[in-house]
Amino acid sequence: MEQNELYPIFLKVHQLEIIIVGGGFVALEKCSFLLKSSPNAKVTLVAPLFREETKELAKKFQLHMIHDSYQKSYLENKQMVIATTDNLEVNIQVYHDCKEKNILVNVADNPPYCDFFMGGIVTKGNVKIAISTNGKSPTTAKRLRQFFEDVIPDNIDDLVKNLNEYRKKIKGNFEEKVDKLNEFTKSLVEK
């Protein structure tokens, strides 16, 4: 059986400089997805033309918009790039420029040109679950996201906050604390 070898991480995108190349529907989708999860993300959009919805989103979140065709110079001081143009040559050029500068890049809907994928995300307060299908089926990730949104109770954040307070009061070394927390929370996963 094939295995997903991606390593999931949660990025503090409000501390990163991100650029989205493109102004069409895919750019709007990726930007909306990013801002839904991380409303304080620092995003720059670059495209000769933008959808009206993208302009409204940029205004709402105070995003920087550059009305221009892609140029390599726009990558300066960026840590993450998402290429969404409808021009494959431009997207591949963005990919190569990012690789040259050691910048994480995602070329939308083109897995070979991606350092990362933007999977499904479920957020309930401090609890966040990321779902990946290894870039093979975004629709499956979407359905799994919907499933988890339904089954995870809205008050899960209360549990997280209470466990955090309990964790602060536990005595002992790290290993002893982990054992106590594991014992205390095992009923959450028992059938």
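What follows is a walk through this structure, with helix 3 as the main thread. The model is predicted, so keep the thresholds in mind: local features need pLDDT of at least 70, side-chain atom pairs count only at pLDDT 80 or more, and totals for chains, interfaces and linings use all residues. Residues are numbered from 1 along each chain as its sequence is written, and side-chain values use heavy atoms, with hydrogens and water left out.

Let's start just ahead of helix 3. T84 sits in the loop between strand 4 (80-83) and helix 3 (88-100); helices (H or I, at least four residues) and strands (E, at least two) are DSSP runs, numbered from the N terminus. With a relative accessibility of 8%, T84 counts as buried, where buried means under 20% relative accessible area, exposed over 50%, and partly exposed in between (1.4 Å probe, protein chains only). Leaving aside residues up to four places away in sequence, T84 touches I20, V21, G22, V26, A27, K30, N91 and A108; a contact here means heavy atoms within 4.5 Å.

One of those partners, N91, takes us into helix 3 itself. N91 is buried too, at 5% relative accessibility. Its own contacts, again not counting residues up to four places away, are A83, T84, T85 and V107.

Further along we meet an aromatic pair, one of two in the structure. Rings of Phe, Tyr and Trp (its six-membered ring) pair if their centres lie within 6.5 Å; planes under 30 degrees apart count as stacked, over 60 as edge-to-face and the rest as tilted. Y95 and Y113 are edge-to-face, at 5.0 Å centre to centre and 80° between the planes. This pair links distant parts of the chain, with Y95 in helix 3 and Y113 in the loop between strand 5 (104-107) and strand 6 (120-124), 18 residues apart. Y95 is buried at 16% relative accessible area, whereas Y113 is partly exposed at 24%. In the F147 and F148 pair, the ring centres are 5.3 Å apart and the planes stand at 70°, so that one is edge-to-face as well.

Now for the charges. A search of the whole structure turns up eleven salt bridges, each a side-chain nitrogen of Lys or Arg within 4 Å of a carboxyl oxygen of Asp or Glu. E100 pairs with K72, the closest N and O atoms being 2.4 Å apart. Since E100 lies in helix 3 and K72 in the loop between strand 3 and strand 4, this bridge ties together parts 28 residues apart in sequence. E100 is exposed at 55%, while K72 is partly exposed at 32%. D115 and K99 form another bridge, at 2.8 Å from N to O. Here D115 sits in the loop between strand 5 and strand 6, and K99 in helix 3, 16 residues apart.

After helix 3, the loop leading to strand 5 holds N102, which has a positive phi of about 60° although it is not a glycine. Q62 also has a positive phi, near 55°, and lies in the loop between helix 2 (52-61) and strand 3 (64-67). Q62 is exposed, at 73% relative accessibility.

Finally, a geometry check on helix 6 (residues 174-185): its twelve residues should span 16 Å at 1.5 Å a residue, and the end C-alpha atoms are indeed 16 Å apart. The expected span is 1.5 Å times one less than the number of residues.
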